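User: I would like to learn how to read a few features of a model. Please take them one at a time.

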Amino acid sequence: MKRLALAAAAVLMLIAVVAAPVAARTPFACPAAASGQLRVDVDEWWDRSVTGWAEEGIPVYDGSDYSVEFDAWAQSVGFADGAAIEDFVRNAQWDEIDKNDNGFVCMKNLPNTAGTPGFIFGGTDDNARG
Ligand SMILES: [Ca+2]
């Protein structure tokens, strides 16, 4: 009986050793903050997009509706209006990046330049290190 108890204890220790590295890993995460990557949900992704358009002089909202400027900009890039842009950002674009469908992605701000306006930033899924 004592031998059986020792064998059971040895099995439990083995499980503990094997399980420890798994428990220490973050299942879904972005690279360290020093890399400039932030883990965001779809509302934060949209809010950052709104800030980016504002940085380029295009206010997204006018009160509770889309601004005339944003509707015009949306049409200049092939969308029906500002609402179609928000729908695209929150759905088609988001779904393309959130590959593991857990509601989070990694976002990285990029320096604003003529070729990279404020509403363009990096996005990768948060399962890159999962
Ligand atoms: Ca994700």
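User: What should the 16 residues of helix 4 span, and how far apart are its end C-alpha atoms?

Analyst: The model is predicted. The general idea is to compare an expected length with the one found in the coordinates. At 1.5 Å a residue, helix 4 (residues 82-97) should span 22 Å, and its end C-alpha atoms are 21 Å apart, so the two agree.

User: Where does helix 4 bend, and by how much?

Analyst: The bend is at phenylalanine 88, and it is about 40 degrees.

User: Which residues make up the largest nonpolar core?

Analyst: A nonpolar core joins buried residues, and a residue counts as buried if 20 or more other C-beta atoms lie within 10 Å of its own. Here the largest core has eight residues: Trp53, Val60, Tyr66, Phe70, Trp73, Ala74, Ile85 and Phe119. Helix 3 (residues 68-76) gives the most to this core, three residues. Apart from this core lies another, of six residues, including Trp45, Val105, Cys106 and Met107.

User: What does phenylalanine 70 touch, leaving out residues up to four places away in sequence?

Analyst: Phenylalanine 70 touches Trp53, Ile58, Pro59, Val60 and Gly82.

User: How is the sheet of three strands ordered, and is its pairing parallel or antiparallel?

Analyst: Strands of a sheet pair through backbone hydrogen bonds, in either a parallel or an antiparallel manner. In this model the sheet is open, its order is 1-4-5 and its pairing is antiparallel. Strand 1 (37-40) and strand 5 (122-125) are the edge strands, each pairing on one side only. From one strand to the next, the twist averages 30 degrees.

User: How many bridges join strand 1 to strand 4?

Analyst: Four bridges join strand 1 to strand 4 (residues 105-108). Within strand 4, methionine 107 is the bridge partner of leucine 38.

User: Is aspartate 101 buried or exposed?

Analyst: The cut-off for exposed is 12 or fewer other C-beta atoms within 10 Å. Aspartate 101 has 9 of them, so it is exposed. This aspartate lies in the loop between helix 4 and strand 4. Its phi is positive, about 55 degrees, although aspartate 101 is not a glycine.

User: How does glycine 122 count, with 14 C-beta neighbours inside 10 Å?

Analyst: Partly exposed falls between the cut-offs of 12 and 20, so with 14 neighbours glycine 122 counts as partly exposed. Glycine 122 lies in strand 5. Beyond its neighbours within four places in sequence, glycine 122 is in contact with Met107, Lys108 and Leu110. Glycine 122 and glycine 36 are 86 residues apart in sequence, and their C-alpha atoms are 9.9 Å apart in space.

Methods. Residues numbered from 1 in each chain as written. Predicted model: local features only at pLDDT ≥ 70, side-chain atom pairs only at ≥ 80, totals over all residues. Helix = DSSP H or I, 4+ residues; strand = E, 2+ residues; numbered from the N terminus. Expected span 1.5 Å × (residues − 1). Bend = angle between axes of the 7 residues up to and from the residue. Core = buried A, V, L, I, M, F, W, Y, C linked by C-beta atoms within 7 Å. Contact = placed C-beta atoms within 7 Å. Pairing = 2+ DSSP bridges. Axes fitted to C-alpha atoms, helices over the stretch in contact; angles between N-to-C directions.
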